[in-house]
Amino acid sequence: MYLGRVIGRVVATQRYAGLTGVPLHWLQPLDEHGADMGDALVACTVVSAGPGDLVHFVDGREAALACPETFVPVDAAILGFVEQAHANDKFIGRTAAGAR
Amino acid sequence: MLIGKVVGSVVATRKDEKLANQKLLVVQVHDHSNKPKDQYVVAVDSVGAGHEDMVLYATGSSARQTTQTENRPCDAVIMAVVDSWDLGGANVYEKWS
């Protein structure tokens, strides 16, 4: 799984049948410093994340297991919010002081 | 998933029989600010995407998770036709404009 920041929303009404009602968001993967890592991608969103949120997501086939219907062609899914992540004693997200 | 524009199609009568009667479309990858990249993918169409449609496609084993591509040698499937997207509230692409 990776850290990511939701940067936009995608509207696609004509889609694979099993994906009705699943929101799609643009997601920028982040490294442990919170800097952009690689290209942005589109992910299914199973938590109510919106643009600007720090999240963690899974890619590959397992992403489909997070969707309401699991037999769907999905290779990225946002699993949850990240209040705070720290690595090499660097903090990302909401630090103790509550700054984003 | 990644976004791309359907720029062509592939006709291959002699191919693996498991790929028989699948619509193969050539998709040029676009980035999130709708800039076309010099990267193309041949993807199986599962939603009826047409020429010059902006589409969303899944790659890897996830591409085999449709009734149409199950147990077939396919690693890219078009699973949605994009109507619009925005980045931080600013519309980047609109199909109807």
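1. How many salt bridges does the rule find across the interface of chain A and chain B? In this model, which is predicted, the rule finds two salt bridges across that interface. One pair that forms a salt bridge is A:Arg9 with B:Asp86, whose closest N and O atoms lie 3.1 Å apart. Over all chains, the count by this rule comes to five salt bridges. The pair of A:Arg9 and B:Asp86 crosses between chains, with A:Arg9 placed in strand E1 of chain A and B:Asp86 in strand E6 (residues 84-87) of chain B.

2. On confidence, the predictor assigns the complex an ipTM of 0.92 and a pTM of 0.92. Chain B has an average pLDDT of 95, and 100% of its residues score at least 70. Among the elements of chain B, the lowest mean pLDDT (95) belongs to strand E7 (residues 90-94) of chain B, and the highest (98) belongs to strand E2 (residues 24-30) of chain B.

3. The extent of the interface can be described as follows. The contact draws 29 residues from chain A and 31 residues from chain B, and the two chains bury about 2,400 Å² between them, with 55% of that area on carbon and sulfur atoms. Across the interface of chain A and chain B, 17 residue pairs are found in polar contact, both residues being at pLDDT 80 or more. On the side of chain A that touches chain B, at least two residues each come from strand E1 (2-11), strand E2 (14-15), strand E3 (24-30) and strand E4 (41-45) of chain A. Of the contributors to this side, E1(A) gives the most, with five residues. By class, the side of chain A that touches chain B is made up of 19 nonpolar, five polar and five charged residues.

4. Strand pairing also links the two chains. E2(A) and strand E5 (residues 76-81) of chain B pair in the antiparallel sense, over two bridges, and here A:Gln14 stands opposite B:Val81 in E5(B). E5(B) has a pairing inside chain B as well, since E3(B) and E5(B) pair in the parallel sense over two bridges, with B:Val44 standing opposite B:Val77 in E5(B).

5. Within chain A, a reader can trace the pairing from E1(A) through E5(A) to E6(A). E1(A) runs antiparallel to strand E5 (residues 54-59) of chain A and is joined to it by four bridges, and A:Arg5 stands opposite A:Leu54 in E5(A). E5(A) is in turn joined by five bridges to strand E6 (residues 76-81) of chain A, again in the antiparallel sense, and A:Val55 stands opposite A:Phe81 in E6(A). E1(A) is thus worth reading in two settings, as it pairs with E5(A) and also gives five residues to the side of chain A that touches chain B.

6. Within chain B, strand E1 (residues 2-10) of chain B has two antiparallel pairings to follow. Four bridges join E1(B) to strand E4 (residues 54-59) of chain B, where B:Lys5 has B:Met54 in E4(B) as its bridge partner. Seven bridges join E1(B) to E2(B), and in this pairing B:Val10 stands opposite B:Leu24 in E2(B).

7. E2(B) continues the pattern on to E3(B). Six bridges join E2(B) to strand E3 (residues 36-45) of chain B, and the two strands run antiparallel, with B:Tyr40 in E3(B) being the bridge partner of B:Gln28. The hairpin of E2(B) and E3(B) has five residues between the strands, and in this hairpin B:Asn34 takes a positive phi near 65 degrees. E3(B) therefore deserves a second look in the context of the parallel pairing with E5(B), the strand of chain B that pairs with E2(A).

Note on methods: Residues numbered from 1 in each chain as written. Chains lettered and ligands numbered in written order. Predicted model: local features only at pLDDT ≥ 70, side-chain atom pairs only at ≥ 80, totals over all residues. Heavy atoms only, no water. pLDDT = per-residue confidence, 0-100. Contact = heavy atoms within 4.5 Å. Buried area = accessible area lost by both parts, 1.4 Å probe. Salt bridge = Lys/Arg side-chain N within 4 Å of Asp/Glu carboxyl O. Polar contact = N/O pair within 3.5 Å; in protein donor to acceptor, adjacent residues only side chain to side chain. Nonpolar A, V, L, I, M, F, W, Y, C, P; charged D, E, K, R; others polar. Pairing = 2+ DSSP bridges.
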